[in-house]
Amino acid sequence: MPDSTFLPGDAVDLRPIEEDDLDYLRDAINDPAVWRPIGGSRPINREQEQEFFDDVVCGDDGVHLLITADGSPVGTIGLREIDWEAGCGEIGYWIDPDDHGQGYGTEATELMVAYAFDQLGLHRIEAHVFEFNEASQRLLESIGFVHEGTSRESQFIDGEYQDTYWYGLLEEEWRD
């Protein structure tokens, strides 16, 4: 496949998700270290991953990219629920557990945030993480996101209700 890098970085590149990536995505999303922190609770088969690809990735309602390091996939990142009138969107990401702790998520998030503000003209980016996902909280805070609130006991994970923390980042905060 020719180089299809959309947003180049130092350690990671962000490229469009292709149909050839679906087996990797299906396998990764079924790993408890991935589905648990993003709030998935049901197994995903190839057909369901294909549906997600067709309906969401190929849809016009967001931007969904594969995170690669040295040409190999290490996770995904996306902007969804974009409200063009309000200039707001929600960012979400996951990194393959084998690649945690290498800064890939931070760099990918920085690339996507810059793209959202510089190219899409968004004014605000939101994110939500579960109370137990301290690594993601640190990632967001390290690039300027502010903890804005908590949805108490909003998600049922591992036999108990978990709080969801809401984060936000305004364009002017990013530029400072």
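Which residue caps the N-terminal end of helix 3? In this predicted model, the cap is asparagine 45, a side-chain oxygen of which lies 3.1 Å from the backbone nitrogen of glutamate 47. The points below take up helix 3 and then a group of aromatic rings.

**Helix 3 and its two sides**

- Helix 3 covers residues 46-57, and within this helix Glu49, Gln50, Phe53 and Val57 are buried.
- When the helix is viewed down its axis, the buried residues of helix 3 fall within an arc of 105°, so they line one face of the helix.
- An α-helix has 3.6 residues a turn, so residues that are three or four places apart point the same way.
- The buried residues of helix 3 pack against two elements, namely helix 1 (22-29) and strand 3 (63-69).
- Glu47 and Asp55, by contrast, are exposed and lie on the other side of helix 3; the backbone nitrogen of glutamate 47 is also the partner of the asparagine 45 side chain in the cap.

**Aromatic rings**

- The model holds four aromatic pairs, counted with ring centres within 6.5 Å.
- One pair is formed by phenylalanine 130 and phenylalanine 132, whose ring centres are 5.8 Å apart and whose planes meet at 20°, so the pair counts as stacked, the cut-off for stacking being under 30 degrees.
- Phenylalanine 130 is buried, with a relative accessible area of 4%, whereas phenylalanine 132 is partly exposed, with a relative accessible area of 23%.
- Phenylalanine 132 also has arginine 36 lying over its face, at 4.1 Å from the ring centre.

Notes: Residues numbered from 1 in each chain as written. Predicted model: local features only at pLDDT ≥ 70, side-chain atom pairs only at ≥ 80, totals over all residues. Heavy atoms only, no water. Buried < 20%, exposed > 50% of the residue type's maximum accessible area, 1.4 Å probe, protein only. Helix = DSSP H or I, 4+ residues; strand = E, 2+ residues; numbered from the N terminus. Arc of directions from axis to C-beta. Contact = heavy atoms within 4.5 Å. Polar contact = N/O pair within 3.5 Å; in protein donor to acceptor, adjacent residues only side chain to side chain. Phe/Tyr/Trp six-rings, centres within 6.5 Å; stacked < 30°, edge-to-face > 60°. Lys NZ or Arg CZ within 6 Å of the ring centre and 35° of its normal.
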